[in-house]
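Student: Could we go through some of the ring pairs and one side chain, setting each value against its definition?
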Amino acid sequence: MKMGDEKTLFQKVGAISTSALVLCGVIAAAAAVKTQEGAVPVDILPTNALIVELPETEEKITIAPAGAVVRSLEEESTTSTTTTQKTAATVSVDFSKIRAYNQDVKAQIYLPGTKLNYWVAQGTDNSFYLNHNAYKQSFAWGTPMIDYRTTLTKDARSTNVVIYGHSNDKTGEHFSAIKNYNANGIEFYKQHPTIQFNTMFGDGNYKVFAMFLENVNVPGKSFGYHNFINAKSQEDFDAFVKEAKGRSFLTMPVDVQYGDELITLSTCLSTSSKNSRYVLMARKVRPGESAAVEVDQVALNNNMIPASGPLN
């Protein structure tokens, strides 16, 4: 598939059938689920809680993005004679209330200016949170989840924290926002060069360095981004980053070095996709490093490595 074909396909992402809901993450699943009785505790609900319309066979359920516990949020822009720099926002999150109900919740994923603002859980497998919310209630859209193989503790962290989530392209909720980082999304990137992944162990700003589409089910050819959890060596790390950047729609002025902490967000291309995934990668701002990104240096990747197989 040529790069132009992928761009055309990507422009059609919004035209998604709503006649059926197919769940997918790193694995594909198709199962209707019913909402359990019982409301989310009122004292945890943020002021911008989302009411998501579910299929007629299901009840509505209120899910709580982490917006209620954002204590500070400011963005600054500085302009020089040569480039415009975008300084990322910072947040501070209180996990005590949500973890009183669910100890699996470990983080918040937040992209300012979009609807992406959710708790992130980590279960004992990559299945439970495909159809359960952060309060462990049955919920068709699930909750963003960290790959169960990942280490994320106070004292240790895997090289790459892989986070799976559904995307509701009809409403722009869940991981749908990350699809704005694409071959036609240079202006979106300029406004959102960083994403926030705040864990119970500390806040984190991450600079986006790659975004691409991939068919994850082509034996011997698919880029196994979701299996890259811990780098075995610097050579292993560098090869992974090189391929991720090579597949990216855009080239960004963000260097990635061995020892950097990475996050990878993965979502289905559409609600009916079985094999196609949209992927966004970012690395954490280093201690003492400015969160500013020279966004005017972003460009289209004219030598982009195509997806390993057909995208559906």
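Tutor: Rings of Phe, Tyr and Trp (its six-membered ring) pair if their centres lie within 6.5 Å, and planes under 30 degrees apart count as stacked, over 60 as edge-to-face and the rest as tilted. Ring pairs link Phe-212, Phe-223, Tyr-225, Phe-228 and Phe-240 into a cluster. The model is predicted, with local features needing pLDDT of at least 70 and side-chain atom pairs pLDDT 80 or more, while totals for chains, interfaces and linings use all residues. Residues are numbered from 1 along each chain as its sequence is written, and side-chain values use heavy atoms, leaving out hydrogens and water.

Student: What makes the pair of Phe-237 and Tyr-258 edge-to-face?
Tutor: The ring centres of Phe-237 and Tyr-258 are 5.8 Å apart, within the 6.5 Å limit, and their planes stand at 70°, which is over 60, so the pair is edge-to-face.

Student: Why is Phe-237 called buried, and Tyr-258 partly exposed?
Tutor: Buried means under 20% relative accessible area, exposed over 50% and partly exposed in between, with a 1.4 Å probe and protein chains only. Phe-237 has 0%, so it is buried, whereas Tyr-258 has 43%, between the two cut-offs, and is therefore partly exposed.

Student: How do you know that Ser-308 counts as buried?
Tutor: Its relative accessibility is 19%, which is under 20%, so Ser-308 counts as buried.

Student: What makes the 2.6 Å approach of the Ser-308 and Glu-214 side chains a polar contact?
Tutor: A polar contact is a pair of N or O atoms within 3.5 Å; within protein, one must be able to donate a hydrogen and the other to accept it, and residues adjacent in sequence count only if both atoms are side-chain atoms. The 2.6 Å between the side chains of Ser-308 and Glu-214 is within 3.5 Å.
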